[in-house]
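Please open the model in your viewer and set the side chains to be drawn as sticks, so that charged groups can be picked out one pair at a time.

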Amino acid sequence: TRYWRDWSSDVCSSDLNHEKYVLQSLSSIINQRTDFPFEILVYDDNSNDATVKIIKEIELPETIGLRIFSAEQNLYQKNLLNYVTHHIVINESKGKYIAFLDGDDFYGDELKLKKQYDFMESNQNYGLTFHNVNTVSERGEYLSDLIPITFRRDYSIKELKNFQFAYIHVSSVMWRKTRTIWPPEYFCCTNNADMISPYIWAESGPAKFRSEEHTSELQSRQY
């Protein structure tokens, strides 16, 4: 683990038996063209394949740190994965911004983090920024957009707190962290992070939709 005095941003990733995808996923983070240091925080939900081994063998540049949090038992099956990845990993983060990326997703734009970071630095009134997500096949062929056109827009704080209203994919977000420690009551016991997360993010401010970046989500998943 490398320790900087201040990480400008963190990227939080959750994994469960992602040996087929995790190298591509983490490589898309490491290959980000940024002018600031950041740390990758990986939560592994008791994978029984080579996921953790692959993560530990990845080489990192000096400006990127990596920490791995491993579960002793599978918490997804206990409906507690969202609680752990938010409550533990987010509380461990040191950066003032947090980006997210599921272990079977990957960033499709090498400037994604820099574009979002620059926007957040210049727009202190926003709590987060997000974008569209594409679904692709294992061969990398474009299949569809995940975010319907009607949801590709800005959201107010009130709208973010309405669980049925905001449609924001977690892997597209960069969020302004406003608390050092987040108490357990902020996290519902649900594995649908896309639904509960906007309510948590709302404390930081409204959401800005940007079309300049994108994340790709693999179509074929195995759990």
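The stops below visit salt bridges in what is a predicted model.

Before selecting anything, keep in mind that side chains of opposite charge can pair when their charged atoms come close. The count for this structure comes to 13 salt bridges, and the tour takes in some of them.

Select Arg67 and Glu39 to begin, where the side chains meet in a salt bridge with 2.9 Å from N to O. This pair links distant parts of the chain, since Arg67 sits in strand β3 (residues 64-70) and Glu39 in strand β2, 28 residues apart. Arg67 counts as buried at 15% relative accessibility, and Glu39, with a relative accessible area of 1%, is buried as well.

Next, select Glu110 together with Arg33, whose side chains form a salt bridge at 4.0 Å, N to O. Here too the pair links distant parts of the chain: Glu110 lies in the loop between β5 (105-107) and α4 (112-122), while Arg33 lies in the loop between α1 (22-30) and β2 (38-44), 77 residues apart. Glu110 is partly exposed, its relative accessible area being 42%.

Then move to Glu141 and Arg139, a salt bridge in which the closest N and O atoms are 3.0 Å apart. Glu141 is partly exposed at a relative accessible area of 39%, whereas Arg139, at 70%, is exposed.

For the last stop, select Asp35, Lys114 and Asp118 together, which are joined into one network by salt bridges that share partners.

Note on methods:
Residues numbered from 1 in each chain as written. Predicted model: local features only at pLDDT ≥ 70, side-chain atom pairs only at ≥ 80, totals over all residues. Heavy atoms only, no water. Helix = DSSP H or I, 4+ residues; strand = E, 2+ residues; numbered from the N terminus. Buried < 20%, exposed > 50% of the residue type's maximum accessible area, 1.4 Å probe, protein only.
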